[in-house]
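Q: I have a new structure open and don't know where to begin. Can we walk through it piece by piece?

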Amino acid sequence: MTIDKSWTTIRRRGSSNEFWNGLQHFLQMAKPFVNDRGFIKCSCRRCLNNASHQLEDLESHIFRNGFMFGYNQWIHHGEPATANAGTTVAGPSGRIHERDEMFDVLDDIISEDANEDAVGGPSSNDQYDDLFAALRSELYPGVSSFLSLNFLVKLMHLKVLNKWTNKSFDELLKLLKLAFPKIDLVESHYEAKKLMTKMGLGYSSIHVCKNDCALFWKENSLKDTCPVCSESRWKLQSGKRSGKNVPHKVLRYFPVGPRLKRLFATLKTAKLMQWHSMGKSKDNDVMRHPVDGKSWQEFDKRHPQFAGDVRNV
């Protein structure tokens with residue numbers, strides 16, 4: 001029987017159920033052909049069957065880089081060499097796994113430019129491997145309603161909404177692991193933050209003068225004293241700097257750009273982000289959103305190009 005390979009040419013992989021289902025079918029087909037160390041040739045657009053990886057890495061490579069061009073007979077992954085290439089029939093019916101909503105977010109993180117780069121050698125960009133591992137993992141054996149990364153993101157959201165301390169979050173994680181020994185979850189808030197940073201949800205720490213005169217940033221980033229009042233950047237003990245440099249104050253800067261990208265990464269929030277254009281009142285006498293106000297309308301008149309894009313915020 002011939003195999004449906006049309007999914008290999010899909011560009012927007014994260015938002016395509018067809019690509020996800022086809023990739024899972026490809027991995028199932030290749031699984032019996034791994035070597036004794038669990039490795040098999042990688043068919044992503046960077047490795048080009050020249051490098052070998054374990055199946056879980058093969059999945060992340062193909063999802064991230066795309067399926068290589070011209071590999072029409074999967075002779076390294078279980079398809080008989082005598083099979084006719086190029087003919088397709090219906091692929092696997094239904095989803096092999098439910099595609100988690102976090103795939104949309106991850107697809108937005110990995111730029112389309114990177115996906116369509118000219119192939120060279122094996123990719124050295126492994127920063128998303130931990131995200132793929134969490135995205136593949138069930139939260140608990142037999143539980144398909146939540147995958148590990150999705151659950152962690154929602155747990156972090158609850159932490160922010162309810163102003164939990166880092167310590168209380170750590171204690172909750174310990175309790176969950178004690179109650180459910182097989183749960184696939186990070187060990188601490190610190191580990192959770194590292195995953196969030198890879199999703200573009202981190203922040204930059206900028207030291208601040210204790211008198212709020214200046215930021216130790218850009219041209220001041222290497223200075224030990226304030227350029228305005230000459231106050232020490234570091235906390236001192238008995239007039240001397242302690243063994244570890246501890247700043248008096250720290251400003252945590254949350255970049256706006258990555259957060260706006262995340263809001264457009266999933267269908268639900270992307271629709272809400274465009275509501276000011278799609279759902280504004282048609283009754284001139286009713287104001288139910290700032291977009292109905294005169295100030296917003298005047299701004300749109302002054303900046304028609306900006307106003308013409310429904311994604312403007």
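**A loop residue and its surroundings**

A: Start with Leu-139, which is found in the loop between α5 (129–136) and α6. Keep in mind that this is a predicted model.

Q: Is Leu-139 buried or exposed?

A: Leu-139 has a relative accessible area of 9%, under the 20% cut-off, so it is buried.

Q: What is Leu-139 in contact with, leaving aside its neighbours within four places in sequence?

A: Leu-139 is in contact with Phe-146, Leu-147, Ser-148, Phe-151, Lys-182, Ile-183, Asp-184 and Leu-185. Take Leu-185 from that list: Leu-139 and Leu-185 are 46 residues apart in sequence, and their C-alpha atoms are 7.1 Å apart in space.

Q: OK, zoom out. How many helices and strands does the protein have?

A: The secondary structure comes to 13 helices and seven strands. The protein has 313 residues, and 35% of them count as buried.

Q: And the contacts, what share of them join residues at least 24 apart in sequence?

A: That share is 54%, taken among contacts between residues at least 6 apart in sequence.

Q: Where do the buried nonpolar residues go?

A: In soluble globular proteins, nonpolar side chains tend to be buried together. Here the largest nonpolar core has 22 residues. Trp-7, Leu-23, Phe-26, Leu-58, Ile-62 and Trp-74 are those with the most contacts inside that core.

Q: Which helices supply at least two residues of this core?

A: Both α1 (17–30) and α2 (55–65) do. The largest share, six residues, comes from α1.

Q: Pick one of those core residues. What is Leu-58 in contact with?

A: Leaving aside neighbours within four places in sequence, Leu-58 is in contact with Phe-26, Leu-27, Ile-40, Lys-41, Cys-42, Ser-43 and His-53. There is also a second, separate core of 16 residues, which includes Leu-139, Leu-149, Leu-176 and Met-196.

Q: Leu-139 again. But Leu-176 is new to me, so which helix holds it?

A: Leu-176 is in α7, where Phe-169, Leu-173 and Leu-176 are buried. Seen down the axis of α7, the buried residues fall within an arc of 65°, so they line one face of the helix.

Q: What do the buried residues of α7 pack against?

A: They pack against α6 (148–161) and α8 (189–198).

Q: Which residues are exposed on the other side of α7?

A: Lys-167, Lys-174, Leu-175 and Leu-178 are exposed there.

Q: How far does α7 reach from its first C-alpha to its last?

A: Helix α7 covers residues 166–179, which is 14 residues, and reaches 20 Å. That is close to the 20 Å expected at 1.5 Å a residue.

Q: Let's switch to strands. In what order do the three strands of the open sheet come?

A: The order is β4-β3-β7, with antiparallel pairing. β4 (215–216) and β7 (249–253) stand at the edges with a single partner strand each, so one side of each has no neighbour in the sheet.

Q: Over how many bridges do β3 and β7 pair?

A: β3 and β7 pair over five bridges, while β3 (residues 204–208) and β4 pair over two bridges.

Q: Give me some residues to click on.

A: Try His-207, whose bridge partner in β7 is Val-250. His-207 also stands opposite Phe-216 in β4. For Val-208, the bridge partner in β4 is Leu-215.

Q: How many residues lie between β3 and β4 in their hairpin?

A: Six residues lie between them, and Asp-212 in the turn has a positive phi of about 60°.

Q: Any positive phi values elsewhere?

A: Lys-163 has a positive phi of about 55° although it is not a glycine. Lys-163 lies in the loop between α6 and α7, and at 73% relative accessibility it counts as exposed. Ser-230 has a positive phi near 65° and is likewise a residue other than glycine. Ser-230 lies in the loop between β4 and β5 (236–237) and counts as exposed at 56% relative accessibility.

Q: One last stop. Where is Arg-45?

A: Arg-45 is in the loop between β1 (39–41) and β2 (52–54).

Q: Does Arg-45 count as buried or exposed?

A: Arg-45 counts as buried, at 4% relative accessibility. The side chain of Arg-45 reaches the backbone oxygen of Phe-67 at 2.9 Å.

Conventions: Residues are numbered from 1 along each chain as its sequence is written. This is a predicted model: local features need pLDDT of at least 70, side-chain atom pairs count only at pLDDT 80 or more; totals for chains, interfaces and linings use all residues. Side-chain values use heavy atoms; hydrogens and water are left out. Helices (H or I, at least four residues) and strands (E, at least two) are DSSP runs, numbered from the N terminus. The expected span of a helix is 1.5 Å times one less than its number of residues. Buried means under 20% relative accessible area, exposed over 50%, partly exposed in between (1.4 Å probe, protein chains only). The arc is that of the directions from the helix axis to the C-beta atoms. Contact means heavy atoms within 4.5 Å. Two strands pair if DSSP finds at least two bridges between them. A polar contact is a pair of N or O atoms within 3.5 Å; within protein, one must be able to donate a hydrogen and the other to accept it, and residues adjacent in sequence count only if both atoms are side-chain atoms. A nonpolar core is a set of buried Ala, Val, Leu, Ile, Met, Phe, Trp, Tyr and Cys residues joined through side-chain atoms within 4.5 Å.
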